[in-house]
Amino acid sequence: MLSFNVQCLLQNNQDQFQLSAAGEITNQGITAIFGPSGCGKTTLFETFAGLNQQATGKITLGQQTWLDSQKKLFTPAYQRGVGYVFQDARLFPHLTVLDNLKFAIKRRLKGYQQYLSLNDAISLLSLDSLINRYPYELSGGQQQRVAIARGLLAACQLILMDEPSTALDRASRREIWSNLHHIAQQMVIPWLVISHDIHEVNQLADQVILMEAGNITANVDIFQLSHYLPQQRLDLHHMVSVVEGDLTKHDQQHHLSFLDLDGFKVCLHQLPYSPGNRIRLEIPAKDVSLALQPNHNTSALNSIPCTISQITNIADGLCLIELTVNQQRILSLITSKSCQELQLESGKAIYASIKSVALLSRAIAT
Ligand SMILES: Nc1ncnc2c1ncn2[C@@H]1O[C@H](COP(=O)(O)OP(=O)(O)OP(=O)(O)O)[C@@H](O)[C@H]1O
């Protein structure tokens, strides 16, 4: 567990910035830090990594104290066992990919079990064909994959990734998110990822810290995140429900996959995973329409019987409807006019209709 209560005042000629953040990060899964540009995410990371000498307060990791400014205690960066993946790859230009990776291994702290093996890092980040190249011979996305591997190889106590997938194309992002989920199950240490991309947060994180103007405003489970988004005044495209379940079967003839989402079933365009895999699925609220009867004569393949649990007016003319089906929640974004015409109210039984193509590129194996 990483526990922190830190403050830091950064000043330049024009203005100043105050970081004041406290919280706890468990050793389980991946925690995303999400917030607008300039809210202090990188400053917080630098404070955790021991790269911010101006920070005061306290940071502990398990039994170790990394910062206690009252006792004038500060553990230097090289003794913290942190794997830090920077926004820009920062590879050593004079070393090959393999030597960049070996450099991280050479600098490891002794006496820890948590390290990822070199072979696993190479295969999970698909670096086999690149290991003898120099950084200038790599694309931006390839450099970023090497930087992620190097950060993971260095880490034994804490992983910090600052926007790890911005340089990657859509297909590589999805593959890497899925692999990072698997690595996080092996490396049971606090793991933090900064992201501006709600899609990345939804696909990758188990826990989410929301930040604004140097402060932490919420620390929530990913499945509860949508509850907090209206208060955060975020873009309507961020209104998404995140659910998890099992891939049960494929229909090869129609190129469809079927998910059992712990309470309701959904079918979507064929996924590149085998039945039995655990799948995380994002369902965009704007793609969930509501009907009083089950859908028969429409192209939407999914018609899910639900109960309305909450209706929130989130903007002029728009309502966010929270639906429950068994223990799961689905969000639907509709107009206030539709809400009135269907006479929607809490407790009412309703059918949520979701087009399979609305779920394209929205599912990954975890
Ligand atoms: N060395 C510094 N001196 C003065 N101000 C600084 C310094 N470093 C950062 N800041 C200011 O501190 C604030 C927080 O910066 P920080 O890089 O932590 O934000 P961020 O949330 O990571 O932003 P982004 O998402 O754009 O990377 C910003 O207003 C920035 O201008």
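**Ligand shell and inner cavity**

By class, the shell around the ligand holds 4 nonpolar, 8 polar and 1 charged residues. This is a predicted model, where local features need pLDDT of at least 70, side-chain atom pairs count only at pLDDT 80 or more, and totals for chains, interfaces and linings use all residues. Residues are numbered from 1 along each chain as its sequence is written, and side-chain values use heavy atoms, with hydrogens and water left out.

Me: Which residues are closest to the ligand?
Reply: Ser-37, Gly-38, Lys-41, Thr-42 and Thr-43 are the closest of the 13 that surround the ligand; a residue is near if one of its heavy atoms lies within 4 Å.

Me: How far is the side chain of His-196 from an oxygen atom of the ligand?
Reply: An N or O atom in the His-196 side chain is 2.9 Å from a ligand oxygen. For Thr-42, a polar side-chain atom lies 2.7 Å from a ligand oxygen.

Me: And Lys-41?
Reply: A side-chain N or O atom of Lys-41 is 2.8 Å from an oxygen atom of the ligand.

Me: New topic: how many cavities of 30 Å³ or more?
Reply: The count is 1. On a 1 Å grid over the protein atoms alone, a cavity is a set of points where a 1.4 Å probe fits but cannot get out; lining residues have an atom within 4 Å of a point.

Me: Where does the largest cavity lie?
Reply: Between domain 1 (2–236) and domain 2 (240–365), because both give residues to its lining; the domain bounds come from an automatic or database assignment.

Definitions and conventions: 1 Å grid on protein atoms, 1.4 Å probe; cavity = no way out; pocket = protein on both sides within 12 Å on 5 of 7 lines; lining within 4 Å. Points joined across faces, edges and corners; volume = space filled by probe spheres on them. Polar contact = N/O pair within 3.5 Å; in protein donor to acceptor, adjacent residues only side chain to side chain. Nonpolar A, V, L, I, M, F, W, Y, C, P; charged D, E, K, R; others polar.
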